[in-house]
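Trainee: I would like to learn how to read a protein model step by step, beginning with the whole chain and then moving to single residues. Could we go through this one together?

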Amino acid sequence: MDHSETNASALKLYALRVEGLNFYSVIDDTHDLSAIAGGSRLLEEVPRRVKNILDGALRVVEIQRASSAGVFSFLALPARMPSILADIRSKLGRGDFKHLTVGVQAIEIQGNVRSSDDSSVRRSISMHDLARLQAAIRYEQMSAPSIAIPSTAPDCYLPCEKDGFRPAVRGKLSESVYCRREWGKRFRRRVAGIGTDAEIQAARTFEELTNYPENPLWHHRLAVISIDGNHFGETIRESCK
């Protein structure tokens, strides 16, 4: 998008929050591990996608990013804001991202924020501003459908065998589940360090993953270890690019 502005005195600073919503419809709606991994990866890509869309704007500063949510500031003319938001929502409604429910909201930041220092811009975004953005996202979430509604499939009479309610238009799978499984397969191959054309022998469901009848103590039980701190989340993102 081309956001080159000529009337510098009329430019205002805006903070924009983007957030993936309604995780159940992209993570918890199946027991397929590839679909779950792919849904998670898609949600994590949302802030990066918005950052790329905003690259043509003036003075884009990343305020914060965590998992499927991100806050960015940028300069724009007030008259351009409706078209900027419409452009972001339109691009997030295409391709693989159309299977997600994503909230996008922006507010104007008051005060003298014309410093060229990114850290000064970040300090100008108050906790109150962030709370206003989050409240606007929650209002948008409550006003929208809980899932991304698929396109009509007039020749389809069966539901997806994985999620049980979307139309099966990709063989026995819905378009949403098929897309997320492909994302998940690519991610699992990358983690395993093998090529995209190679077959990976891995569990497809939690039942297969926890199938250990030799020891009843561990059969159908799964331990999850979560490690955070010292920029560990950032390390994961860099390692999984």
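**From the whole chain to single residues**

Mentor: Let us begin with the surface: the chain exposes about 14100 Å², of which carbon and sulfur atoms supply 53%. Please keep in mind throughout that this is a predicted model.

Trainee: How many helices and strands does the chain have, and in which pattern do they follow one another along the sequence?

Mentor: The chain contains 7 helices and 4 strands. When you read along the sequence, these elements appear in the pattern β-α-β-β-α-β-α-α-α-α-α.

Trainee: What share of the residues is buried?

Mentor: A residue counts as buried when its relative accessible area is under 20%. Of the 241 residues in the chain, the buried ones make up 39%.

Trainee: In what order do the strands lie in the sheet, and which are the edge strands?

Mentor: The 4 strands form an open sheet with antiparallel pairing, and their order is β2-β3-β1-β4. An edge strand pairs on one side only, and this holds for β2 (58-66) and β4 (101-109). From one strand to the next, the twist averages 20°. The edge strands you asked for are therefore β2 and β4, because each of them pairs on one side only.

Trainee: Which helix packs on this sheet, and what angle does its direction make with that of β4?

Mentor: The helix that packs on the sheet is α4 (residues 127-143), and it touches β1, β2, β3 (69-76) and β4. Its direction and that of β4 make an angle of about 145°.

Trainee: Over how many bridges does β1 pair with β3, and over how many with β4?

Mentor: With β3, strand β1 pairs in the antiparallel sense over 8 bridges, and one place to look is arginine 17, which stands opposite valine 71 in β3. On the β4 side, leucine 16 stands opposite alanine 106, valine 18 stands opposite valine 104, and leucine 21 stands opposite threonine 101. The pairing of β1 (residues 12-21) with β4 is also antiparallel, and the number of bridges there is 9.

Trainee: Why is β1 described as largely enclosed by the rest of the structure?

Mentor: We can compare the counts of buried residues in two strands, starting with β4, which is mostly covered, with 7 of its 9 residues buried. For β1, the description follows from its own count, so the answer is that 9 of its 10 residues are buried.

Trainee: Which residues of α2 are buried, and why do they lie on the same side of the helix?

Mentor: Helix α2 (residues 81-92) has 12 residues and reaches 17 Å from its first C-alpha to its last, which is close to the 16 Å expected. Its buried residues are Met81, Ile84, Leu85, Asp87, Ile88 and Leu92. They are on the same side of α2 because they cover an arc of only 155° around the axis.

Trainee: Against which elements do the buried residues of α2 pack?

Mentor: Here we look for elements that the buried residues of α2 pack against, and there are both strands and a helix among them. The elements are β1, β3, β4 and α1 (33-53).

Trainee: Is arginine 180 buried or exposed, and how far is its C-alpha atom from that of valine 26?

Mentor: Arginine 180, which is found in helix α5 (residues 175-192), counts as buried because its relative accessibility is 0%. Leaving aside neighbours within four places in sequence, its contacts include Ser25, Val26, Asp29 and Arg166. Although arginine 180 and valine 26 are 154 residues apart along the chain, their C-alpha atoms are separated by 8.0 Å.

Trainee: Where is threonine 210 found, and what is its relative accessibility?

Mentor: Threonine 210 is found in the loop between α6 (206-209) and α7 (232-239), and beyond its neighbours within four places in sequence it is in contact with Trp218, His219, His220, Arg221 and Leu222. Threonine 210 counts as buried, since its relative accessibility is 9%.

Trainee: Asparagine 22 and serine 67 each have a positive phi of about 55°; which of them is buried and which is partly exposed?

Mentor: Neither residue is a glycine; asparagine 22 lies in the loop between β1 and α1, while serine 67 is found in the loop between β2 and β3. With a relative accessible area of 17%, the buried residue is asparagine 22. With a relative accessible area of 48%, the partly exposed residue is serine 67.

Conventions
Residues numbered from 1 in each chain as written. Predicted model: local features only at pLDDT ≥ 70, side-chain atom pairs only at ≥ 80, totals over all residues. Heavy atoms only, no water. Buried < 20%, exposed > 50% of the residue type's maximum accessible area, 1.4 Å probe, protein only. Areas by Shrake-Rupley, 256 points an atom, 1.4 Å probe, with all protein chains shown as cover. Pairing = 2+ DSSP bridges. Axes fitted to C-alpha atoms, helices over the stretch in contact; angles between N-to-C directions. Contact = heavy atoms within 4.5 Å. Expected span 1.5 Å × (residues − 1). Arc of directions from axis to C-beta.
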